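Q: Hello! I am new to this structure and would like a close look at one part of it, with the neighbouring parts brought in as needed.

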Amino acid sequence: MSDTLDRADLKILRALQQDGRLSTVALAEKVGLSPTATTERVKRLTRDGFIKGYHAELNPALLDRSLLVFIEVTLDKTTPDVFAKFAVAVRASREILECHLVAGGFDYLIKTRVKDMEAYRYLLTQTILSMPGVRESRSYAVMEEVKHQNELPV
């Protein structure tokens with residue numbers, strides 16, 4: 001953790017992670033500062049990159065995206081140009097929520113949410129397996145989401 005953050009900064013970050021819609025007055029009350037001091041701290045935390053943005057958390061089931069799937073992807077070559085082409089293709093796919101280059105027995109771990117298995121199969125065959133450099137994949141459909149948390153422990 002950065003040495004530039006004090007207790008008040010950490011309180012602000014915790015509060016905003018729990019509810020990014022807090023008004024400045026409500027946030028100030030929560031962290032024990034004046035609204036002016038709170039506003040200045042939030043501006044600094046944003047400017048310094050600690051706060052990257054504000055987002056609404058949507059309900060996947062109500063938006064026909066209840067099937068959560070993780071996919072291991074192995075590339076045919078692990079060269080910079082293949083990594084770069086694969087990354088461009090991943091960024092162009094709206095269905096891919098996350099993609100991480102990992103160390104281990106495969107190259108990338110992808111997270112996606114789709115309507116159902118038919119939609120997943122289409123995504124796999126028409127998008128992921130046709131991406132540059134993809135040699136093989138392994139899929140893991142989630143049966144139960146035991147814990148879902150976007151908040152960082154600060």
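Is threonine 38 buried or exposed, and what is its relative accessibility?

A: Happy to walk you through it. Please keep in mind that this is a predicted model.

Threonine 38 is a residue of helix H3. Its relative accessibility is 0%, so threonine 38 counts as buried; the cut-off for that word is under 20% relative accessible area. Which residues touch it? Leaving aside neighbours within four places in sequence, threonine 38 is in contact with Ile12, Thr24, Leu27, Ala28, Val31 and Leu33.

Some of those names lead us to helix H2, which spans residues 24-31. The buried residues of H2 are Leu27, Ala28 and Val31. They cover an arc of only 100 degrees around the axis, and that places them on the same side of H2. On the other side of this helix, Glu29 and Lys30 are exposed. The buried residues of H2 pack against H1 and H3, and the contacts of threonine 38 with Leu27, Ala28 and Val31 belong to this picture. After H2 comes glycine 32, which has a positive phi, near 75 degrees.

Now let us return to helix H3, which covers residues 35-47, and look at its charged side chains. Arginine 44 forms a salt bridge with aspartate 9, and the closest N and O atoms are 2.7 Å apart. This pair links distant parts of the chain: arginine 44 sits in helix H3 and aspartate 9 in helix H1 (residues 7-18), with their positions 35 residues apart. The two partners have their own degrees of cover. Arginine 44 has 22% relative accessibility and therefore counts as partly exposed, while aspartate 9, at 1%, counts as buried. There is also a network of salt bridges here, linking Asp6, Asp9, Arg41 and Arg44.

A further salt bridge lies within H3 itself. The side chains of glutamate 40 and lysine 43 meet at 3.8 Å, N to O. These two residues are 3 apart in helix H3, about one turn of the helix. Glutamate 40 is partly exposed, with a relative accessible area of 47%, and lysine 43 is partly exposed too, at 49%. In total, the structure holds 9 salt bridges.

What follows H3 along the chain? There is a loop between helix H3 and strand E1, and leucine 63 is placed in it. Leu63 joins Leu58 and Leu62 in making a nonpolar surface patch of about 360 Å².

Beyond that loop we reach the strands, and lysine 111 is a good place to pause. Lysine 111 is found in strand E3. With a relative accessibility of 16%, lysine 111 counts as buried. Its C-alpha atom is separated by 6.0 Å from that of valine 69, although the two residues are 42 apart along the chain. Leaving aside neighbours within four places in sequence, lysine 111 is in contact with Leu68, Val69, Phe70, Glu95, Ile96, Leu97 and Glu98.

Strand E3 also takes part in a salt bridge. The side chains of arginine 113 and glutamate 145 meet at 2.8 Å, N to O. The pair links distant parts of the chain, with arginine 113 in strand E3 and glutamate 145 in the segment after E4, 32 residues apart. Arginine 113 counts as buried at 13% relative accessibility, whereas glutamate 145 counts as partly exposed at 38%.

Our last stop is helix H5, made of residues 117-128. Aspartate 116 caps its N-terminal end: a side-chain oxygen of this aspartate lies 3.3 Å from the backbone nitrogen of glutamate 118. Within H5, Tyr120, Leu123, Leu124 and Ile128 are buried. They cover an arc of only 95 degrees around the axis, which puts them on the same side of H5. On the other side of H5, Glu118, Arg121 and Tyr122 are exposed. What covers the buried residues of H5? The cover includes strand E1 (67-75), strand E2 (96-101), strand E3 (108-114) and strand E4 (134-141).

To come back to your starting point, threonine 38 is a buried residue at 0% relative accessibility, and its place is in helix H3.

Technical notes. Residues are numbered from 1 along each chain as its sequence is written. This is a predicted model: local features need pLDDT of at least 70, side-chain atom pairs count only at pLDDT 80 or more; totals for chains, interfaces and linings use all residues. Side-chain values use heavy atoms; hydrogens and water are left out. Buried means under 20% relative accessible area, exposed over 50%, partly exposed in between (1.4 Å probe, protein chains only). Helices (H or I, at least four residues) and strands (E, at least two) are DSSP runs, numbered from the N terminus. The arc is that of the directions from the helix axis to the C-beta atoms. Contact means heavy atoms within 4.5 Å. A polar contact is a pair of N or O atoms within 3.5 Å; within protein, one must be able to donate a hydrogen and the other to accept it, and residues adjacent in sequence count only if both atoms are side-chain atoms. Patches are made of residues with over 30% relative accessible area and no salt bridge: like charges are joined within 9 Å, nonpolar side chains (Val, Leu, Ile, Met, Phe, Trp, Tyr) within 5 Å. Accessible areas come from the Shrake-Rupley method with a 1.4 Å probe; for residues, only the protein chains shown count as cover. A salt bridge is a side-chain nitrogen of Lys or Arg within 4 Å of a carboxyl oxygen of Asp or Glu.
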